[in-house]
Amino acid sequence: MKVCVVGTGYVGLTTGVSLAFLGHEVTCVDLDQAKVDMLAAGRCPIYEPGMEDLLAEAAPNLTFTTSYADAVPGADVVFVAVQTPSAADGSPDLRYLRSAAESVAQALDHDFTVVVNKSTVPIGSGNWVDAILRDSFQQRENGSEGTGRNDTEFAVASNPEFLREGNAIADTLYPDRIVIGSDNPRSLEVLNRLYRPIINQTFTPPTFLPRPEDANAVPLVSTDLASAELIKYAANAFLALKISYANEIGQLAAKVGADITEVARGMGLDQRIGSRFLQPGVGWGGSCFGKDTKALIATAAEYNLEMPIVKAARDVNQRQRAIAVERLQDELRILKGRKIGLLGLAFKPNTDDLRDAPALDIANSLIARGARVKLHDPVATERFRIEQPELAPYLSQTIDEVFADCDAVVLVTEWGQYLELDWSKFIGLMRTPIILDGRHVLDAERMRRIGYKYIAVAG
Ligand SMILES: NC(=O)c1ccc[n+]([C@@H]2O[C@H](COP(=O)([O-])OP(=O)(O)OC[C@H]3O[C@@H](n4cnc5c(N)ncnc54)[C@H](O)[C@@H]3O)[C@@H](O)[C@H]2O)c1
Ligand SMILES: O=c1ccn([C@@H]2O[C@H](COP(=O)(O)OP(=O)(O)O[C@H]3O[C@H](CO)[C@@H](O)[C@H](O)[C@H]3O)[C@@H](O)[C@H]2O)c(=O)[nH]1
C-alpha cells in the first residue's frame, strides 16, 4: 500500500521505516530539512538501536522529503506523528498537529485516504482533526488551487503508539497489541490490511532482530475513536503509577528495614501484578509519562473529575528525585563544596533522549546546594551540549574524571556500560567511596566487599 508519514521523530521514523521494511511504499515528510537530508543519506538523527540497519533494509521502499505535495497524493494512509508537548496549562499543545492536518488537506488527492493520528492526542482530537481537514480541503477546492476532485474522500482514525524508546523497532514489529479507533468501517478495513503482516506475523524478520520465540499473532483492538485515544493515556498513566507505587513502597521499606528489590520481586511473581515496571529508583522521566499524565488530568478537569491516583503518581515521582539528593545530604551532611559524579544523563538506557530526565533535576538541585557536579553519559553528551548549555561545562569525557576526588557517585541511568564497570578500579580515585544506586541495579554486597559505602534511593 502507499503510505505517507508526517513527522520523522521517534514515532514517525519508526513507523515509516518499519512499514517500508514490510513492503509498503512509504514517503516520510518532515519540515526539518537537516533531518530529511540526514535520513535520505541513510543516517539516523536519533540514537535508536537497529534503526540505521532497518533504514538500509527498507531503503528501496522509502523516500524522505519536506514537501507534502510529494508525499500525500495517492496515499492510502497518512500517519500524523508530530510532537504534542505540554502547553502551560498541562494540556497538549496541538499547534503542530493543526498545522500538519492543514498541510495534509492541501495535498489530498485520492479516492479514499485514511488520515491516522499516531501522535498522542487528547480525547476528541480525532473529530477535531476531521473538522480541520474538511475545512482546509473545502477552502482549497473553493479557492484558485482547487483540483475539482470532488470524489476525494478521507476519514480520520486513531492508532496510538506504544513503542518504548531504545526498543522502538522490536515494539513495532512484535507489539503486544495494535489499537485502531475509527467511526468509519472502511478505515478500519484499510488499516487492518496495512498491518496484516504484523498481526499475523507473516513477515521475514530483519536480519539483526529475530522474531522472539514467544511472538504470537498480535491482538487487534478495533474500536471507536474516543476509546482508542483514551487507551493510550490510560496505559501510560497506569505504567507510571505502577512505578510510583513501587517507589512509594520503597520508602516504607527503607524505614522498616525491608529490601524493596525483594519486595518487588515477591509482588511481581503474582501474575495478576506482573514483574515489569516495578523497578524502584529515581523514578520515571522521558517525553511521555510526565506529559501524558498531565494531559489526562487536564482532560478530566474539563469534566470536573480529579484523577487523584494519577496526581499522586506524579507527586511520588517528583519526590524520588528530591530523595536522591536528600540521601546524599544524609551521608555527606554538607553538600556545599562536595564533588558529586552522576553516571547517566539520558532518561533511560539505549536512548540519547534527555526530555524530563531525572539526572537534570538532580544535577540542578546539587548545583543549587553548592556542590560541584561531574556528569557522564555514554551516548547522550552531544545532545546534552546542545539542549543543556548551562550544564554542559560540568560534562566529563571519561569515567576516571567522574570518580577523581569525588565525595559520592550516583548511578542515575543504568546503562549496560556502567553495570559492567570494574568498580574496584575506581574506588581508589575517590575522596569518600560513597555510591548512591539510583536504579537499584548494583549488587550491594559486592559493592560493600570492594569497599564502597553502598546506599540506594529506597529500601
Ligand atoms: N517518543 C516516544 O517514545 C513516543 C511513543 C509513543 C507515542 N509518542 C507520541 O508520538 C508523538 C510524536 O512523538 P516523537 O517523540 O516522535 O516526537 P519528535 O519530537 O521526536 O518528532 C516530531 C517530528 O515532527 C516534525 N514536525 C513537526 N511539525 C510538523 C509538520 N507540521 N509537518 C511535518 N513534520 C512536522 C518535527 O520536525 C519532528 O521531526 C507525540 O504525540 C508523542 O507523545 C511518542
Ligand atoms: O520499572 C521501571 C520501568 C521504567 N522506569 C522508568 O520509566 C521511564 C519510562 O520508561 P519506558 O516506559 O521504558 O520508556 P518510554 O520510551 O518513555 O516509553 C513509555 O512511553 C511511551 C510514550 O508514550 C509509550 O509508548 C511506552 O509504551 C511507554 O513504556 C524511564 O525513565 C525508566 O527509567 C522505572 O523507573 N522503573
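A: Before we start: domain bounds here come from an automatic or database domain assignment. Keep in mind too that this is a predicted model.

Q: What makes domain 1 and domain 2 the parts of this protein chain?
A: The assignment divides the chain into domain 1, residues 2-223, and domain 2, residues 289-456. In space, their C-alpha centres lie 35 Å apart. The two do touch: 14 residues from domain 1 and 14 residues from domain 2 take part in the contact. On the domain 1 side, that contact has seven nonpolar, five polar and two charged residues.

Q: Why are H1 and H3 called oblique to each other?
A: Helix H1 (residues 10-21) and helix H3 (residues 51-58) pack at an angle of about 45°, with their axes 8 Å apart. Angles under 35 degrees count as roughly parallel and 65 to 115 as roughly perpendicular. An angle of about 45° fits neither range, so the pair is oblique. As for handedness, the crossing of H1 and H3 is left-handed.

Q: Which residues of H1 and H3 meet?
A: Val-17, Ala-20 and Phe-21 come from H1, and they meet Met-51, Leu-54, Leu-55, Glu-57 and Ala-58 of H3. Sorted by class, you get seven nonpolar, no polar and one charged. Glu counts as charged, so Glu-57 is the charged one here.

Q: Why are H10 and H11 oblique to each other?
A: The axes of helix H10 (residues 225-256) and H11 come within 9 Å and cross at roughly 135°. To be roughly antiparallel, an angle has to be over 145, and roughly perpendicular stops at 115. Roughly 135° falls between those, so H10 and H11 are oblique. Their crossing is right-handed.

Q: What makes one residue in the contact of H10 with H11 polar?
A: H10 brings Ala-246, Ile-249, Gly-250 and Ala-253, while H11 brings Ile-260, Val-263 and Ala-264. That divides into six nonpolar, one polar and no charged. Gly is put among the polar residues, so Gly-250 is the polar one.

Q: Why are H13 and H14 described as oblique?
A: Helix H13 (residues 308-332) and helix H14 (residues 358-368) have axes that come within 9 Å and cross at roughly 45°. With 35 degrees as the limit for roughly parallel and 65 as the start of roughly perpendicular, H13 and H14 are therefore oblique. H13 passes H14 in a right-handed crossing.

Q: How do you know which residues in the contact of H13 with H14 are charged?
A: From H13 come Arg-321, Ala-324 and Val-325, and from H14 come Pro-358, Asp-361, Ile-362, Ser-365 and Leu-366. The classes are five nonpolar, one polar and two charged. Arg and Asp both count as charged, so the two are Arg-321 and Asp-361.

Q: How do you know that Asp-30, Lys-35, Thr-84, Thr-120, Glu-165, Lys-291 and Arg-355 do not all gather at one spot?
A: An unreviewed UniProt entry annotates these residues as "binding site". They span 326 residues in sequence, and the farthest two C-alpha atoms are 24.2 Å apart, so they do not all gather at one spot. One of them, Lys-35, is in helix H2 (residues 33-40).

Q: Where does UniProt place the "binding site" feature that includes Gly-285?
A: The unreviewed entry lists Phe-162, Leu-163, Arg-164, Glu-165, Lys-232, Phe-277, Leu-278, Gln-279, Pro-280, Gly-281, Gly-285 and Lys-348. These are spread over 187 residues of sequence, and in space they reach up to 24.6 Å between C-alpha atoms. Gly-285 is in the loop between helix H11 (260-268) and helix H12 (289-302).

Methods
Residues numbered from 1 in each chain as written. Chains lettered and ligands numbered in written order. Predicted model: local features only at pLDDT ≥ 70, side-chain atom pairs only at ≥ 80, totals over all residues. Axes fitted to C-alpha atoms, helices over the stretch in contact; angles between N-to-C directions. Helix = DSSP H or I, 4+ residues; strand = E, 2+ residues; numbered from the N terminus. Left-handed = near helix turned anticlockwise from the far one by under 90°. Contact = placed C-beta atoms within 7 Å. UniProt positions renumbered as here; feature names shortened; annotations may be inferred.
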